[in-house]
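Here is a walk through one structure, ring by ring and then chain by chain. Keep the viewer open while reading.

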There are 2 protein chains.
Amino acid sequence: MSRKVIIIGAVAAGPKAACRLKRLQPDWDILMLDQDSLISYGGCGIPYYVSGDVSDESELRSTSFHMVRDKSFFEQAKGVEVRTRTRALSIDRNQKVVRVQYLDTGQEEDLSYDTLLLATGAQPFELPIPGAKLDGVFTISDLHKAIEIRKRIAAGKVSKAVVIGGGAIGIEMAEALTDLWGIETSLVELEPRLLPGAVDSHFAAMLKQHLEEKEVRVFTGESALSMIDNGSGSVAGVQTNMRTLEADLVIMAVGVRPRSELARAAGLDVTSWGAIKVNQRLQTSDSSIYAAGDCIATTSFVTRRETYAPLGSLANRQGRIAADNIAGQPAVFKGVCTSFIMKAFDRCIGATGISYEAALFEGFDADYALTSPSDRAHFFPGQAIVILQLVFDRKSRRVLGLQAFGSMNDSISARVDAAAALIAEGGTIEDFCTLEMAYAPPFAAAIDSINAAAYVAENMCDNRLRRVHLNHFLRWVDNMDSEDWVAIDVRHPKEVEPYAQRFGAERWMSIPYEQMRDRYQELPEGKICILVCNAGTRSYEVQVFLDAKDKKDTLVLCGGLNVISRMGVSWYGGKEV
Amino acid sequence: MSRKVIIIGAVAAGPKAACRLKRLQPDWDILMLDQDSLISYGGCGIPYYVSGDVSDESELRSTSFHMVRDKSFFEQAKGVEVRTRTRALSIDRNQKVVRVQYLDTGQEEDLSYDTLLLATGAQPFELPIPGAKLDGVFTISDLHKAIEIRKRIAAGKVSKAVVIGGGAIGIEMAEALTDLWGIETSLVELEPRLLPGAVDSHFAAMLKQHLEEKEVRVFTGESALSMIDNGSGSVAGVQTNMRTLEADLVIMAVGVRPRSELARAAGLDVTSWGAIKVNQRLQTSDSSIYAAGDCIATTSFVTRRETYAPLGSLANRQGRIAADNIAGQPAVFKGVCTSFIMKAFDRCIGATGISYEAALFEGFDADYALTSPSDRAHFFPGQAIVILQLVFDRKSRRVLGLQAFGSMNDSISARVDAAAALIAEGGTIEDFCTLEMAYAPPFAAAIDSINAAAYVAENMCDNRLRRVHLNHFLRWVDNMDSEDWVAIDVRHPKEVEPYAQRFGAERWMSIPYEQMRDRYQELPEGKICILVCNAGTRSYEVQVFLDAKDKKDTLVLCGGLNVISRMGVSWYGGKEV
């Protein structure tokens, strides 16, 4: 029996669901609507189109075999009817009818459905500040905006830009403007650090430092108060609470929210923050209406609570699952780890699960193992340090998250993806200790970075490793009289020299790692000894040795100077280690 | 109470166990023996040392902070006593005594232990053929051999080389000789394909094709019968059953076997193929004797049977677990997926779990989904096709393995590692459909390659996708009269042209994908229609459409011409797609 399915929204979840459904039920009528004229595009590719890495916007709307995914493509190749420039105005759930308006004619029509799929996506927040509507102020809400931004840049109309919002999209846009076009770009973020919510503050600090090396001017903890008018309705700059930033172009990337007005007006259940509620089969509170993509709430595998994960990749997976269920073939979407990865110039930053800060907030007995191993065999040419952190619950030993910052390659993908697979299954520190990572020197170290981080976590849980919190240590160095501490630097004496000169040999002592068994009696009494090396590994070994000698007032600087050297700390004495 | 632990073997599992144990039990006496003078080296790095990528052999024996891991390093930095050039002759389990011989003096001594750890590793097979002992014939059994090989090459004494054995080490050695030193290198493998046991034959074929592009002469299905003497005791070549290959250097890399003579002589349980049997705590049949690393048998997560996985990475993990248990802190090593990855010139090949061929042999209701997606967003610069195959059991829908062949970067690591994490947990096709892979265009496609492969597998299990076995199709093309088939090539007509010319438009028809809904009645009756495109995706969609039109005599060429173009098939009409 043929059925009629209407899909509202044609960017990611919608097209995926439409095509899958047509394959599962070739006789059904599938109608996909979108208020836009451009559909089925890779929104996450917008920064790379703006930068010029992607030469034409149509590439974002094309298949891998170079066909543009427009109305006629869906109709001819896929057998899915498409109406663009068609806005859904309301849903009559009793009559099973969607009222639509054709934007080009203004005409309205009632379309009946057997099953409805809401794939209405997300929309960017607009800051409600004076001047937000000036010409030259953009959100990244659709491809038209991106086309217009690139047109202005290519026409030489942009020499200075301000990006408001230090999340992934803001940072990617800042890179696009700076790196490829040489535009003097400022990045303004209200929170005191970049990527709020996604990573811990020391990871955000490393990213900030790298952006600044690449000449992005980063202003965190700063709030955009108004846009400055050039006198003729175009933007001339941004006024923050701290300064005036000139700009011919302003991009607002301050987050997105679920587009759920239609659902709410139809009386479907939505969360307090506006996301459509669905069950694991992606059914809304009306069993004839499904929802998928950036408009829905999903479940965190870590907290088991509602979360929001607007990502094209998840939208595609959900679109397929919604189609399966609509077609009568049960499938479930269980939840998300909220994996995240991004390129920032020459660096990659990625994470999965939740951050340490989030884990504390959630009430876990949270802690983190911060490490700085090599991203492949340390003797292999091109190897680089990666900063890797495992977040865990001390009591249950469950791993709650992983964060990584390193060189721009796929090695962080490997760790984040493997971790996500385990975290979704409730993996423990012990599972991460034995997690099998494919090994050959060009790809990994014999003890993989992810195993090494788990080893540190295990040693912490078993109280074999006592560490100083990175932030505490940084505060102590900034305010030398705050605590009676001395750094015991176990690296090669030549590496220690600049620190000993800066802080004095009393405050920053050199006892090389391999001499500790002979020289441990030189350690001062009655002071906190902070054991310091590049990665934290030698410091831990020294701590264990000293404990056995009953010298227990030591703390390890986990991650070591490899972390500090990347954070833009003023007193750091050398190059990036 | 202090205890005395003796560790026999000081390459990977031994040193890891020794250092961990000393940290867990600082008061215990840990003595590590090795018959070699060089210890604690990264054996997997040998090809990169021979190639010159790693400039000095000491780098393979150094820590990441550039200290050489020799006897004095272990003693001073780690507090572990080391005796090199010390061979364990026998174990008296009743007396708990190891009889050792000091190779430099010939002197023997009995050393008593409370607990013993066998980390005796593996040793390479030597082919029992005439001339195997000639000067210039090497196995890669230790660092001394590698040093000697590189010395000869650097001195200009090698212009032609033969590598016997087409496993990972043989291939890596062939690359080292060819790529960096320009030595004319032949690779001889007894089996009809490279990497026997590790990947399926079409993956091996793609690898072979690439090696040949890089001017390695590859002879598979060929057997080395004898070494040719140059008349003065040095090797001058290899005689195979097919030809004579000149060589100044011959490397035998025909596999390794567990070094377990000591264990067997002491009456410990060993497998029929010579590996030491251990429980999950890595205890042998004598509860005072543990074993770890390349000398033990372990359990396959896929088959649940004994398997052999000699790898430095696993040896390190096992060493740590053995130490934990010896120290009285329970830990388990549950088994392996046998993940594997290697660089071969500009390509990477990796796998985890078992191959399709192995799965059939093991009695699974095995099948495989062969795909050829992009390794990142198809619009992102530098993206490349990766050939990815999921092996699964049709009945249980359990995923049994993953194989991948693509560009030399870390993207295959990400897929192999994430797959291994799931396979170890018994993951199903549905788990792989929703596996969360971190997404941004520089790292992945919105529908990740691993999800896409799982989608294909699911469609196969649900009988929505009927495919022709790649090997059947290749045989049909080679012998045109064998079956009454016609290729329906749904790509752009320009892409189809060379095939239509070669095979005739009757045999290789062009009906573009997007025209199929209008033109399907042109399809011939009474013949098997093989649906062909680059990746198999369009072909599948067409099959589903034709099924609905009751045209059911079609088969999809999974993976499409992307796979065939990489296999060195003679009739392939274009460049690598």
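How many aromatic pairs does the structure hold over all chains? This is a predicted model, and the count over all chains is 30 aromatic pairs.

Take one of them. A:Tyr356 and A:Tyr368 form an aromatic pair with 4.7 Å from centre to centre. Their planes stand at 65°. Planes over 60 degrees apart count as edge-to-face, and this pair is edge-to-face. Where do the two rings sit in chain A? A:Tyr356 belongs to helix H9, residues 356–361. A:Tyr368 belongs to strand S23, residues 366–371. The pair therefore ties together parts that are twelve residues apart in sequence. Are these two residues buried or exposed? A:Tyr356 is buried, and A:Tyr368 is buried too.

Next, look for a group of rings. One aromatic cluster in chain A is formed by A:Phe473, A:Trp485, A:Tyr499, A:Phe503, A:Trp508 and A:Trp571.

Rings also meet charges here. In chain B, the charged end of B:Arg507 sits over the ring of B:Trp485, 4.6 Å from the ring centre. Another such contact joins two chains: the charged end of B:Arg320 sits over the ring of A:Tyr455. The distance to that ring's centre is 3.6 Å.

Now turn to the chains themselves. Two copies of a chain are related by a rotation about an axis and a shift along it. Here a turn of 180° and a shift of 0.0 Å along the axis lay chain B on chain A. The RMSD is 0.0 Å. That is the relation of a two-fold axis.

Which surface do the copies use to meet? Of the interface residues of chain B, 100% are also interface residues in chain A, so the copies meet through the same surface.

Note on methods. Residues are numbered from 1 along each chain as its sequence is written. Chains are lettered from A and ligands numbered from 1 in the order in which they are written. This is a predicted model: local features need pLDDT of at least 70, side-chain atom pairs count only at pLDDT 80 or more; totals for chains, interfaces and linings use all residues. Side-chain values use heavy atoms; hydrogens and water are left out. Rings of Phe, Tyr and Trp (its six-membered ring) pair if their centres lie within 6.5 Å; planes under 30 degrees apart count as stacked, over 60 as edge-to-face and the rest as tilted. Helices (H or I, at least four residues) and strands (E, at least two) are DSSP runs, numbered from the N terminus. Buried means under 20% relative accessible area, exposed over 50%, partly exposed in between (1.4 Å probe, protein chains only). A charge sits over a ring if NZ of Lys or CZ of Arg is within 6 Å of the ring centre and within 35 degrees of the ring normal. Copies are superposed by least squares on the C-alpha atoms of residues with pLDDT of at least 70 in both. Contact means heavy atoms within 4.5 Å.
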